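Trainee: I would like to learn how to read a few features of a model. Can we go through them one at a time?

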Amino acid sequence: MIRLENVSFSYANLGPTVRDLSFHIRKGEFVAILGANGAGKTTTMKLIDGLIRPTSGKVTVNGADTRETPVSQRARQVGFLFQNPDRQICRNTVREEILFGLQTVRGEEGEEALKQRVDAVLEDFHFTGDEEPFSLSRGQRQRVALASILAVEPEVLILDEPTTGLDYLECCHIMDRIRRMNEEKMVTILMVCHDMEVVLDYARRALVMAGGELLGDGDVRTLFRDTALMERASILPPQMIALGTRLGIAEADTPETMAEAILSRRGGGSA
Amino acid sequence: MREIFQYVPGTSLIHRLNPMTKLLLTLLICVAAFLTGNLFVLLGLLLVNLLIGFCAGIARRTLGVFKGLMKIAVFLFLLQVLLTRKGTPVFWIITDEGLYTSAAVVLRLIVVCMPLTLMLAVTRVSDLANAMVQVAHIPYKYAFTITTALRFIPQFLEEMSDIMEAQTARGVAFDKAKGLKKLGMMLPLCAPLLISSVRNTEHTAVAAEVRGFHLRTARSGFRHYPFHGIDVLTLLAGAALIALSAVI
Ligand SMILES: Nc1ncnc2c1ncn2[C@@H]1O[C@H](COP(=O)(O)OP(=O)(O)OP(=O)(O)O)[C@@H](O)[C@H]1O
Ligand SMILES: [Mg+2]
C-alpha cells in the first residue's frame, strides 16, 4: 500500500533530514512512528502524502509514485492530520469545517449523504456543530481537525500527534474510534505519538527513528523490550514493559497480567 | 519564499559590520535610488547590491531575491510602457520616453527592495534592536516593536504556506491552480491567517510582559556595538554613492 525505497530528503540547503528510509506498510496495518523531537517523523509523513518530494529514492502509495500525482488528488485516499490543528481549520463553524473537507473530496455524493456524514461525526465527537472553532480551546480544536479528517473516511490515515492536548477520556474515545476504523473498514493508520502507553495500547507495528534514520521496524512490544534500541532513540518504554523486561517476564504488559505472572512465579517457587 | 527575510549565519566582513552601519547603508542606497533618474546610476546601484550580497557569501539568496523582484518588475514594466503616452512613438503605442521612465521606475523598485532583505540576511534582528538602543538611543520599546514586526513577516509567510499545505492535503487543488485562480482560492484562507496572527501578537505581548518587559532599560543589553574603521569607510562609501547619484 505504502512503499518507501531508499528515500532521502533535505530541506533547502541543509543536510539530509531523513536518510535512506525503506519500509513497506500493507493495507489495514496500524503503525506508530516513534522518535525524539526533530527525529524526522513529520517529514517522513509529509513524504508519504507527497507534500514534499524525496530528494532521492521513491515513495509509492497504492502503486502510484507521489511525484507523479498531485497531492490534492490523493486527498480522498489519504487523510492527513497536522501537528498544529490551526493550520487546517478555515471555516467559521465546526459544521462548516467538517462539511468543507467532505465537499472537496466527496462532493459527488450529494447534499443529503454529506449531511448525514457530518451529523454522525458531530455526534461522535460531542459537538453541536455551531461552535466557532477559533474560540474553542486547543484540545477542542484538535478534535475539530481530527473530526473533519475522519469524516472523509480515507483509506489511509496519517495522524501527526492526534492525542496531544486531549484529556484522558477524550484520548481513549478518539483512539477507540480510530481503532474501529482500522478494524472494521481496514483503514491503514500511520501515527506519530509521544505517549508510549497509547502506542502500546493501539498500535501493532512501530517504526523507530532517530536523527532521520530508521533504527527499528517491527512489533511494538518486541521493540519496546529492546533496551539498547530504546536508549538510542531516546524513548522511555511504558512502565509495565520496562518492569517486565527487568523481571524477565516477556508476556505481560498490563498491571493485571503482570500481577498474575508475578504471583504464579512466586507460587511456583515456594511450592 | 519563506526564508526571504531570515538571517543567514556567517563571518564575512559584511556580517561583522556594526548593525547600525548596515541599517544606514541600506537607507543611503535607498535615498540614492530616489535621488537619481539616470539609468546607469541605477544599474550601478543594482551592481553594488549584488556585490554586497556576493561579498557576504549569500550569493544564492541574493540572486533568489533578485529573480523574485524581476518577476514583479517585468509585470510593472509592461504595464507602465503600455500606459505611457508621452514621447515619440517607437513601435505601435510604445514611446521612447515610456521605455526610459518605466525602466527607471522598475530598476528603482529593485534597488530599493534589495538592500532591506540583504540587511536582514546578514544581521541578527536582536543585534539590530540592541544597536538601535545603544548607538541611536532609540527607546527600547520602539526598537522592540520594529524588530518584532520584522520577525512577523517570515512567520506570516510560513504560516500561509503551511495552511496551503494543509488544505492541499484535504483536496483543495492548490497544486493544480495557477495565477489568478490560485489567488482566488487563497482569499478565504486569509481569515484564519488573520485570526492566528492577531492571536500570535497577543501571545507575544503577554509573554514579553510576564517576563518583565516593562522593567527593561537601555542598560540591560550585555553586548556592545563599537564602530570600527571599516564602519566609517562603509558609511563614507555610502555617502559617496549619494553624492554621485545627486550629481549625475
Ligand atoms: N520547513 C522546514 N525547513 C527547514 N527545516 C525543517 C523544516 N521542517 C523541519 N525541519 C527540520 O527537520 C528536522 C526534522 O523535523 P520533523 O518536523 O520531521 O521532526 P519531528 O520528528 O516531527 O519532531 P517533533 O516530535 O518535534 O514533531 C528538524 O531538525 C527540523 O529543524
Ligand atoms: Mg513532528
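Mentor: We take a metal site, a sheet, a cavity and some single residues in turn.

Mentor: First the conventions: this is a predicted model, in which local features need pLDDT of at least 70 and side-chain atom pairs count only at pLDDT 80 or more, while totals for chains, interfaces and linings use all residues. Residues are numbered from 1 along each chain as its sequence is written, chains are lettered from A and ligands numbered from 1 in the order in which they are written, and side-chain values use heavy atoms, with hydrogens and water left out.

Trainee: Which protein donors does the magnesium ion (ligand 2) have?

Mentor: Donors are N, O and S atoms within 2.8 Å of the metal (3.2 Å for Na, K and Ca); water is not among the atoms, so sites may look incomplete. Here OG1 of T42(A) and OE1 of Q83(A) are the protein donors, 1.8 to 2.5 Å from the ion. T42(A) belongs to helix α1 (residues 41-49) of chain A and Q83(A) to the loop between β6 (78-81) and α3 (94-106) of chain A, so the pair ties together parts 41 residues apart in sequence. Helices (H or I, at least four residues) and strands (E, at least two) are DSSP runs, numbered from the N terminus.

Trainee: How is the accessibility of T42(A) classed?

Mentor: Buried means under 20% relative accessible area, exposed over 50%, and partly exposed in between (1.4 Å probe, protein chains only). T42(A) is partly exposed at 23%, and Q83(A) is partly exposed at 37%.

Trainee: In what order do the six strands of the open sheet in chain A lie?

Mentor: Strands of a sheet pair through backbone hydrogen bonds, either parallel or antiparallel. Two strands count as paired if DSSP finds at least two bridges between them. In chain A the order is β6-β7-β8-β3-β9-β10, with mixed pairing. β6 and β10 (213-219) of chain A are the edge strands, each pairing on one side only. In chain A, β3 (residues 30-34) and β8 (residues 188-192) pair in the parallel sense over four bridges; V31(A) stands opposite L190(A) in β8(A).

Trainee: How many cavities of 30 Å³ or more does a search of the whole structure find?

Mentor: Rolling a probe the size of a water molecule over the atoms shows where empty space is left. On a 1 Å grid over the protein atoms alone, a cavity is a set of points where a 1.4 Å probe fits but cannot get out; lining residues have an atom within 4 Å of a point. Grid points are joined across faces, edges and corners, and a volume is the space filled by probe spheres set on the points. The search finds three such cavities, and the largest holds about 150 Å³. Its lining has 15 residues, and the closest to its centre are L25(B), T26(B), I52(B), L118(B) and M119(B). In chain B, α2 (19-35), α3 (39-55) and α5 (96-122) each supply at least two lining residues.

Trainee: Is M114(B) buried or exposed?

Mentor: M114(B) is buried, at 0% relative accessibility. This residue sits in helix α5 of chain B. Contact means heavy atoms within 4.5 Å. Beyond its neighbours within four places in sequence, M114(B) is in contact with residues including L46(B), N49(B) and F66(B). M114(B) and N49(B) are 65 residues apart in sequence but 6.9 Å apart in space, C-alpha to C-alpha.

Trainee: What share of the residues of chain B counts as buried?

Mentor: Of its 248 residues, 40% count as buried. Chain B has 10 helices and two strands.

Conventions:
On a 1 Å grid over the protein atoms alone, a cavity is a set of points where a 1.4 Å probe fits but cannot get out, and a pocket is an open set with protein on both sides within 12 Å along at least five of seven lines; lining residues have an atom within 4 Å of a point.
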